[in-house]
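Here is a short, friendly tour of a protein chain, best read with the model open beside you. We begin in the interior and work outwards from there.

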Amino acid sequence: MDQTSMNLMKVVVDKYGLSDKTVVDVGSYDINGTYKSLFTGEYVGVDILAGPNVDVLMDSPEWEQIKDVDAVISGQTLGHVADIPGLMAKIMRVLKPGGILCVIVPSRGPRHDYPIWVGNFEPEQLEKIFTDAGFELLSTDRDFTLPWYLVTCVGKKPEPQAVKTSVKVPVKRKDNDEDQ
């Protein structure tokens, strides 16, 4: 992570009032800093490897216990995920209805294999990942700071739809109407 990414995440945290919420940071391993300082509420760092700033390992029994969180954040991680639809489904599962997802990824810059690299993402690609996963798009922005040109995409887990019930309303008939 770099200072630009930290600044972009702070904008999202402030805009959506996330600082004191329950937040899961997917890809939280501290390589060059973390977002943890942006939060005063419950913060859970999740990654595939144990290490600094990792509270829970992805797909562990502890991960399976996480549910109904206010927000999931992920910075500079999606470009290192082999099964992006699978990850998005896992994120959808842990968010409460109306919960916020914020992903920041590079749209430019050099290849960086750690542990793998699947590429950079244009804004439209990231939006499609969100909508394919069932998220309602709230915003997409690109920062033009070199070398990464970071893209920030924010979505919301949809609220459950109210179940429509049909109510049979009796029809009033005039005295001269005849039953058929």
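This is a predicted model, and its largest nonpolar core is a good place to start: 29 residues belong to it, and Val24, Ile66, Val72, Leu78, Ile91, Leu101 and Leu126 have the most contacts inside it. Seen by element, two or more residues each are given to this core by β1 (23-26), β2, β4 (69-75), α3 (84-94), β5 (95-106), α4 (123-132) and β7 (150-156). The largest share is that of α3, with six residues. In soluble globular proteins, nonpolar side chains tend to be buried together.

If you would like to look at one member up close, try leucine 126. Not counting residues up to four places away in sequence, leucine 126 touches Leu78, Val103, Val105, Val151 and Cys153. Apart from the largest core lies another one, of 18 residues, which includes Met6, Met9, Leu18 and Leu150.

Now step back to the whole chain. Four helices and seven strands make up its secondary structure, and their order from the N terminus is α-β-β-β-α-β-α-β-α-β-β. Of the 180 residues in the chain, 42% are buried. Among contacts between residues at least 6 apart in sequence, 61% join residues at least 24 apart. The accessible surface is about 10,500 Å², and carbon and sulfur atoms account for 53% of that area.

The loop between β2 (43-47) and β3 (56-57) deserves a visit, with asparagine 53 as one of its residues. Is asparagine 53 buried or exposed? Its relative accessibility is 16%, so asparagine 53 counts as buried, the cut-off being under 20%. The side chain of asparagine 53 makes a polar contact of 2.9 Å with that of tyrosine 43. Beyond its neighbours within four places in sequence, asparagine 53 is in contact with Asp25, Ser28, Asp30, Thr34, Lys36, Tyr43 and Gly45.

Leucine 49 is found in the loop between β2 and β3 too. At 42% relative accessibility, leucine 49 counts as partly exposed. Together with Ile31, Ile48 and Tyr114, Leu49 makes a nonpolar surface patch of about 410 Å².

Finally, a look at the backbone. Most residues other than glycine have a negative phi, and most peptide bonds are trans. Two residues with positive phi are listed here.

| Residue | Phi | Loop |
|---|---|---|
| Asparagine 53 | about 70° | between β2 and β3 |
| Tyrosine 149 | near 50° | between β6 and β7 |

Which peptide bond is cis in the loop region around proline 147? The bond from leucine 146 to proline 147 is cis, with omega near 0°. Proline 147 sits in the loop between β6 (136-142) and β7, and tyrosine 149 lies in the loop between β6 and β7 as well.

Key: Residues numbered from 1 in each chain as written. Predicted model: local features only at pLDDT ≥ 70, side-chain atom pairs only at ≥ 80, totals over all residues. Heavy atoms only, no water. Buried < 20%, exposed > 50% of the residue type's maximum accessible area, 1.4 Å probe, protein only. Polar contact = N/O pair within 3.5 Å; in protein donor to acceptor, adjacent residues only side chain to side chain. Contact = heavy atoms within 4.5 Å. Patch = residues over 30% accessible without salt bridge, like charges linked within 9 Å, V, L, I, M, F, W, Y side chains within 5 Å. Areas by Shrake-Rupley, 256 points an atom, 1.4 Å probe, with all protein chains shown as cover. Salt bridge = Lys/Arg side-chain N within 4 Å of Asp/Glu carboxyl O. Core = buried A, V, L, I, M, F, W, Y, C linked by side-chain atoms within 4.5 Å.
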